[in-house]
Amino acid sequence: MKIPKAKIEERAIGALSAIVDMHPTMRGQFRTMDKEMSWDGYIWIFNGQSDQCKDFFDDKVSVQIKGHIDRKERYLNKQRITYAVDLADLKVYFKSTGVLYFLVFMSESGEKREVFYTSLFPSKIKAYLEEAEKKGNRKNKSIPFTKLEKDPEDLYIIVKQFSIECKKQGFGDGPIVQSTIEEKDIGNVETIVALAVGASDEKDFLKKLSTGNVCIYGKVQGSSIPRPITWKDTSAEMFEREAGRATEIKRSLYYIEQ
């Protein structure tokens with residue numbers, strides 16, 4: 001029996017909404033069968049736990065949610081997957097401030113549902129688009145996605161981290177992202193700095209870095225503004241050996257600097 005597209009979409013949104021709704025400082029605003037280009041709504045985050053109102057507003061993060069029936073359970077039991085994302089969508093996200101992209105895989109009955117995500121902040125999209133162009137991709141780009149734990153605090157950390165990166169970077173065609181430090185220019189970097197929400201130690205920081213949630217920034221001689229360092233899905237290994245100092249701030253923000 002073929003499951004209607006609308007039903008699959010409703011189940012996908014429901015799977016993500018169930019996690020969002022359990023957190024006191026998040027609110028989901030998702031649309032079914034929407035007509036908006038490349039986005040399916042937002043996750044709102046707030047600073048106060050007692051009242052989700054404009055006085056405690058922190059940010060509104062754009063999301064894309066795609067639902068899929070996983071009949072052969074190729075994805076349901078995985079921790080990390082690779083999935084093709086349309087280049088046309090990536091270009092739209094790049095011209096904005098990125099997107100939190102969710103894939104929801106489910107069994108035909110809908111009883112099993114797993115959510116995967118990738119944090120597509122602008123500098124990361126830039127790297128993916130450039131890689132696709134070099135390889136001659138015309139339709140899509142295969143991107144790693146990480147399984148989302150059903151703990152609402154984990155989702156909040158992901159959303160907050162994405163919010164921080166997007167505020168730093170701005171639009172993809174803006175000056176910060178356009179001046180991203182390429183691999184060939186790493187030798188000119190004097191200081192490397194990154195911020196990870198909720199990291200408890202260096203190992204935890206590197207784990208967040210390896211999932212692509214965190215962006216590394218560098219300062220070059222003659223510039224006081226940190227610039228994103230171009231993203232590679234294997235970047236964590238390089239920084240694991242070079243990381244120098246670490247400081248935990250209020251048990252929520254973790255800096256690593258060299």
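In which helix is the place of aspartate 154? In this predicted model, aspartate 154 belongs to helix H4, which spans residues 152-169. With a relative accessible area of 30%, aspartate 154 is partly exposed. Together with Glu149, Asp151 and Glu153, Asp154 forms a patch of negative charge on the surface.

Helix H4 also carries phenylalanine 162, and here the setting is a buried one, at 3% relative accessibility. The C-alpha atom of phenylalanine 162 lies 9.0 Å from that of glycine 98, although 64 residues separate the two along the chain. A similar look at helix H1 (residues 5-20) brings up isoleucine 13, a buried residue with a relative accessible area of 9%. Between the C-alpha atoms of isoleucine 13 and glutamine 64 the separation is 9.9 Å, and these residues are 51 apart along the chain.

We can turn next to the nonpolar interior. The largest nonpolar core holds 38 residues, of which Leu90, Tyr93, Tyr101, Leu120, Phe145 and Phe205 touch the most other members. Among the elements that give two or more residues to this core are strand S4 (80-86), helix H2 (87-95), strand S5 (99-106) and helix H6 (202-210). A second core, separate from this one, has 32 residues, including Ile8, Leu16, Phe102 and Phe162.

Charged contacts complete the picture. Across the whole structure, a search finds 13 salt bridges. One of them joins lysine 160 to aspartate 58, with the closest N and O atoms 2.8 Å apart. Because lysine 160 sits in helix H4 and aspartate 58 in strand S3, this pair ties together parts that are 102 residues apart in sequence. Both lysine 160 and aspartate 58 are buried. Asp58 and Lys160 are also linked with Lys167 in a network of salt bridges.

Two further salt bridges involve loop residues. Glutamate 108 pairs with arginine 71, the closest N and O atoms being 3.1 Å apart. This pair connects the loop between S5 and S6, where glutamate 108 lies, to the loop between S3 and S4, home of arginine 71, across 37 residues. Glutamate 108 is partly exposed at 37% relative accessibility, whereas arginine 71 is exposed, with a relative accessible area of 52%. The side chains of glutamate 73 and lysine 112 meet in another salt bridge, at 3.2 Å from N to O. Glutamate 73 is in the loop between S3 and S4 and lysine 112 in the loop between S5 and S6, so parts 39 residues apart in sequence are tied together. Glutamate 73 is partly exposed at 29%, and lysine 112 is partly exposed at 43%. Glutamate 73 has a phi near 50°, a positive value in a residue other than glycine.

Conventions. Residues numbered from 1 in each chain as written. Predicted model: local features only at pLDDT ≥ 70, side-chain atom pairs only at ≥ 80, totals over all residues. Heavy atoms only, no water. Core = buried A, V, L, I, M, F, W, Y, C linked by side-chain atoms within 4.5 Å. Buried < 20%, exposed > 50% of the residue type's maximum accessible area, 1.4 Å probe, protein only. Helix = DSSP H or I, 4+ residues; strand = E, 2+ residues; numbered from the N terminus. Patch = residues over 30% accessible without salt bridge, like charges linked within 9 Å, V, L, I, M, F, W, Y side chains within 5 Å. Areas by Shrake-Rupley, 256 points an atom, 1.4 Å probe, with all protein chains shown as cover. Salt bridge = Lys/Arg side-chain N within 4 Å of Asp/Glu carboxyl O. Lys, Arg positive; Asp, Glu negative; His and termini not counted. Charge placed at Lys NZ, Arg CZ, Asp CG, Glu CD.
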